[in-house]
Amino acid sequence: MLKKLLLFGFAGLAVLAVGILIGHFGIQKGSSAPGWVRELSHDVDEDFIQKFIAEVDNVRIKENLRELTKVPHMATTAGDEATVEFMLRRWQDKDSGLDAAWREDYRVYLSFPNKETPNKVTVVNPDDAVLHTVQEKETAYYPEQDDPEVVQPYAAYGPAGHVKGRLVYANQGKVSDYEHLNSSMDLNGTIAIVRYGGAGRGAKAINAAPFGVVGVLVYTEPYDMNDGLMNDKNETYPYSWYLPPSGVERGSYTSDFGDPLTPYLAAKKDTYRIPETDINGVPPIPIQPIGFEDAQILICELGGTAAPVDWQGSFPCIYNLGGPGFTSTSRFNNSEVKLDVYNSGELRDSANVMGVIWGSVEPDRYVIYGNHRDSWVHGAIDPSSGTSVMLEISRILGQRVKAGTWRPRRTIIFGSWGAEEFGLIGSAEYAEEYMSKLSQRTVAYINVDISVFANATLRASASPIAENVIFTASKQVKAAGSNTVSVYDNWIKYFNRTSPTYGLIPNVGYLTGAGSDYAPFIHYLGISSMDISYTYDRSKTRARIYPAYHTAYDTFDYASRFIDPGFTSHQTVARTAGNVLLRLADSFLLPFNCSDYAESLEGYLSATVENFEEHLKANSISTEPLKEAVKSFRNAATNLDSVIRSSDLVNETPLKARRINDQLMLLDRAFVDPLAFPNKYAFRHVIWASRSSGVATFPGLADAVEKALATGLKEDWDQAHRHLSIVTQAISGAAHTLAEAHATQ
């Protein structure tokens, strides 16, 4: 009885409290309502956004970059620790710091070359005499390249080993490339030289091993990166942004992200670790990156038949496949390539630096803004351009907080992630450690890694629900170098698409891979995410990325002379990304649009119907349930939009606004299925997971159908049916989350 009385008593108090809340909330502004009632209607302040835009200082961003790039700061090195301390000083500053800032350390497994015994690539004759040695260090044009902390080019997580074999040219190291070679020669015991692109770094060796290849060399093809230019006397850096002949792209050669030894667990000191031999997604054979100067020497001496036309490049010779081995007229005739790799793995302590501005109304709702801090060498563009922008945004907001003139509605968390270059480790460990809290409370994740690839236009990729807020922000900011043209109007000239709803709009890409720190948030946790940067005019260059990427030439000098002189593109990104951040953190109703998600699903459905429907029908698999699911999602999104438009949310119960915000915030979570992709580590989002198919549609379905088409096996068509069911039910389930919740009558 007492329990029932207490229960009803508490229920009555709850009803009374809600009634008082609703009554007070309806009081008009200017009345004598308590301050907390007025605070509940806290909305984005357009005047504050304009002041923020005006305050973003390109000179301060430039000085941030100068400080961050003084020394190399590869993860866990002394240089990295110096940047940790720098970030803490800035975020703990008494005048412009945040409410709180701290470091969070993880013990992670990283891979390094041996300083005393560098990796070596040589050409040796039958007597093992060395005929040619590949350059071990990049040419120094300025003191930065001579810094003793510049790490020798290497393939992180590539195994140690000593192999020797005849050389073959395998294009991009795709499975199809090795199949082409294998059709005309025996690849057992060979070493393959491949160019970047087409397949992931580690995949180039993973794909090679089943064909008997014992080692792989990787180089940057000048045709792909330099528009064919190769001369460092007047064409490449230090005279332009193009990669010089000795430049070597470093990188992580693992296909998974997060700490390799603690899958799905945060890598704390005492966390269980799997054996090193059980690490997935790493090269099984030695692999080493080299400069195109040495690649030219090797490729132009190869024998055998000419490679296909689309395998050719910019070297002044015909690219042959190899006999295998070198041509009989070569000075390397009857010689082999020898690869000696001394890489080793070790546990190191890596830090994330975290900062927070607490929300005034909804402190339990987080907007996270992140960028990794570690680099391969000096890292001016990757990642310090992004860190410089983040520091400027946090400076302006921190000053307002310290002065007591502003505080966001929701909590803003800033993350400076560690060890990203080794596989998104810092952000992944953070996501694993705080999975429950982040899943329940995070509104969105904003990633600004490389903030400026070049200075032509904005580029953005995002969950479709966030497209609207990026457009709104970009319309308010002027494009770099212009006082009249908005970022939005400039952007639409370079990247655009025709929307069935809006007509011609800027094209916002999808976050389908794991290229940066958005991956743990969107793919693992299902948090709506976006990635924002400035980039180049792709009609004027074939470069797949800025040419000094991951090399010793990515320095302050390179950034300030060739990427963004004047730092106005950095400034534009800071204004745009900061605008997005403020709208997500301050808006009374989240600036998300679920109908934009419906349009994306409809586009994916059209691609499925066009490319796969007939094949599925031929195997007695119907796409009708998928069509119905997408239709139901569209209807639910339209209905929610109607509810939002017809509601006077500021003058209704705050619970209604909170309910709608939760529906919008949690929409991407509805597409998370932990069992959908057992062979794709940490990919759980059934719409945006990575895919190998070239068809832009639902990834699990596309890959499964293409595999079934290749094999014709019933079990593979069963898997296609399974993935069709997975995505159908995910979309249907997501539609239900958008429906209004009604009280039982």
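Reader: What makes strand S17 and strand S18 count as a pair?

Author: Four bridges join S17 (residues 496-499) to S18 (residues 503-506). Two strands pair if DSSP finds at least two bridges between them, so these qualify. Their run is antiparallel, and one of the bridges sets Thr 498 in S17 against Leu 504 in S18. A hairpin of three residues takes the chain from S17 to S18.

Reader: How do you know where a strand begins, and what is this model based on?

Author: Strands (E, at least two residues) and helices (H or I, at least four) are DSSP runs, numbered from the N terminus. The model is predicted, so local features need pLDDT of at least 70 and side-chain atom pairs pLDDT 80 or more, while totals for chains, interfaces and linings use all residues. Residues are numbered from 1 along each chain as its sequence is written, and side-chain values use heavy atoms, without hydrogens or water.

Reader: Why is the four-strand sheet called open?

Author: The order is S3-S2-S11-S5, with antiparallel pairing. S3 (130-133) and S5 (161-165) each have a single partner strand, so one side of each has no neighbour in the sheet. Inside that order, S2 (residues 120-124) and S11 (residues 336-341) share five bridges, and Thr 122 faces Lys 338 of S11. Neighbouring strands here are turned by 20° against each other on average, direction ignored.

Reader: What makes Asp 128 stand out?

Author: Asp 128 sits in the loop between S2 and S3, and its phi is positive, about 70°, although it isn't a glycine. Most residues other than glycine have a negative phi, and most peptide bonds are trans.

Reader: Speaking of peptide bonds, which ones are cis?

Author: Tyr 237 and Pro 238 are joined by one, with omega about 15°. Pro 238 belongs to the loop between helix H8 (222-225) and strand S9 (251-252). Another cis bond links Asp 382 to Pro 383, with omega about 10°. That proline, Pro 383, is in the loop between strand S13 (362-372) and helix H10 (384-403).

Reader: Why are H18 and H21 called oblique?

Author: H18 (residues 594-618) and H21 (residues 699-711) pack at about 45°, their axes 11 Å apart. Axes are fitted to C-alpha atoms over the stretch in contact, and angles run from 0 to 180 degrees between N-to-C directions. Under 35 degrees would be roughly parallel, over 145 roughly antiparallel and 65 to 115 roughly perpendicular, with the rest oblique. At about 45°, H18 and H21 are therefore oblique to each other.

Reader: How do you know which empty spaces are cavities and which are pockets?

Author: On a 1 Å grid over the protein atoms alone, a 1.4 Å probe fits in a cavity but can't get out, while a pocket is open, with protein on both sides within 12 Å along at least five of seven lines. Lining residues have an atom within 4 Å of a point. The structure holds four cavities of 30 Å³ or more, and the largest cavity is about 90 Å³. Among its 13 lining residues, Val 134, Gln 135, Glu 136, Gln 288 and Pro 289 lie nearest the centre. S2 and S10 (287-289) each supply at least two residues of that cavity lining.

Reader: And what lines the second largest pocket?

Author: That pocket has a volume of about 530 Å³, the space filled by probe spheres set on the grid points. It has 27 lining residues, and closest to the centre are Lys 115, Pro 148, Val 150, Val 151 and Gln 152. Strand S12 (residues 344-357) gives the largest share of this pocket lining, three residues.
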